[in-house]
Amino acid sequence: VIIFSAFVSPLLPLSACASAQRSSWVSSISPIPLLPKGKVKYLGMQMWRAYQASIARSPLLTKMLTAATLWGTIDAVTQWFEDRPEGFETTRSARQSFYGCFCHAPWTHVVWNALERRWPAATAVSVAKKVAVDQLISAPAFYYVYFTYLGVAQGESAEQIRARRQRLWPTMQVVWCLWPFVHFVNFKFVPLHNRLLAALCVQLVFNSFISHMGNKPLAQPPISGLRAKDLLPALKWNNVPMADLVVSL
């Protein structure tokens, strides 16, 4: 994603209505020097600067491209782990990428900016308030929309979409075991413009579960989010059931 941003960043013009603070931030970013021959260790820093320049120039668009890339890639990897007699489904990864681009990135951009305006301090109390609103209000609504979107995108009936939404509560049980702690660290220590990227790094693993929950056949009943053996029953790692691997760990 960072490599992709390095090519995209020159094409993202500065917004005419950008604030003075953002303009100062952009101007403070030093030019990216050419990579000296044999100095591969500088490549990561250069790509990071390119990403920061891109998100400074066009924050929402950069977040959308980042989320689209990671959501689609994670689903492709998830399908490889799954025991799928029908083989790889390109349209499924495209659906995931579309949702990441046009829902996840704008959703977090708007919600997290609003939370930051309401509680700008980085104190434990302010961070706890932001986490509480995000996890108790925003997250359930987000995953409700996610399951509804998957049903609509696949042309399912209203009854099938309602059945798909039954996975919301088990999903939230798993979400609340991880994300309150992740977001407390994220909201307290990570700058606002990089929080989505930090969350997506965690989602490299977690979205495998979300993709599986959202796309598994409706004939499979909703799981209990508190039973580890039921979390990923169809996922395999080199023919080793993933659920057994999770339990063993």
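Biologist: Is Tyr-99 buried or exposed?

Modeller: This is a predicted model, where local features need pLDDT of at least 70, side-chain atom pairs count only at pLDDT 80 or more, and totals for chains, interfaces and linings use all residues. Residues are numbered from 1 along each chain as its sequence is written, and side-chain values use heavy atoms, with hydrogens and water left out. Buried means under 20% relative accessible area, exposed over 50%, partly exposed in between (1.4 Å probe, protein chains only). Tyr-99 has 2% relative accessibility, so Tyr-99 counts as buried.

Biologist: Why is the pair of Trp-80 and Phe-81 called tilted?

Modeller: Rings of Phe, Tyr and Trp (its six-membered ring) pair if their centres lie within 6.5 Å; planes under 30 degrees apart count as stacked, over 60 as edge-to-face and the rest as tilted. By this rule there are 17 aromatic pairs. Trp-80 and Phe-81 have ring centres 5.2 Å apart and planes at 55 degrees, so the pair is tilted.

Biologist: Is Trp-80 buried or exposed?

Modeller: Its ring partner Phe-81 is at 14% relative accessibility and counts as buried. Trp-80 has a relative accessible area of 60%, so Trp-80 is exposed.

Biologist: How many residues apart are Tyr-99 and Phe-142?

Modeller: Their rings also form a tilted pair, 5.4 Å centre to centre with 55 degrees between the planes. Tyr-99 sits in helix H5 and Phe-142 in helix H6; helices (H or I, at least four residues) and strands (E, at least two) are DSSP runs, numbered from the N terminus. The pair links distant parts of the chain, and the separation is 43 residues.

Biologist: Which helix supplies the largest share of the largest nonpolar core?

Modeller: A nonpolar core is a set of buried Ala, Val, Leu, Ile, Met, Phe, Trp, Tyr and Cys residues joined through side-chain atoms within 4.5 Å. The largest one has 36 residues, and Trp-71, Tyr-99, Tyr-143, Tyr-146 and Phe-206 touch the most other members. Helices H4, H5, H6, H8 and H9 each supply at least two residues. The largest share, nine residues, comes from H6.

Biologist: What distance do the end C-alpha atoms of helix H3 span?

Modeller: The expected span of a helix is 1.5 Å times one less than its number of residues. H3 covers residues 43–57, so its 15 residues should span 21 Å. The model agrees, with the end C-alpha atoms apart by 21 Å.
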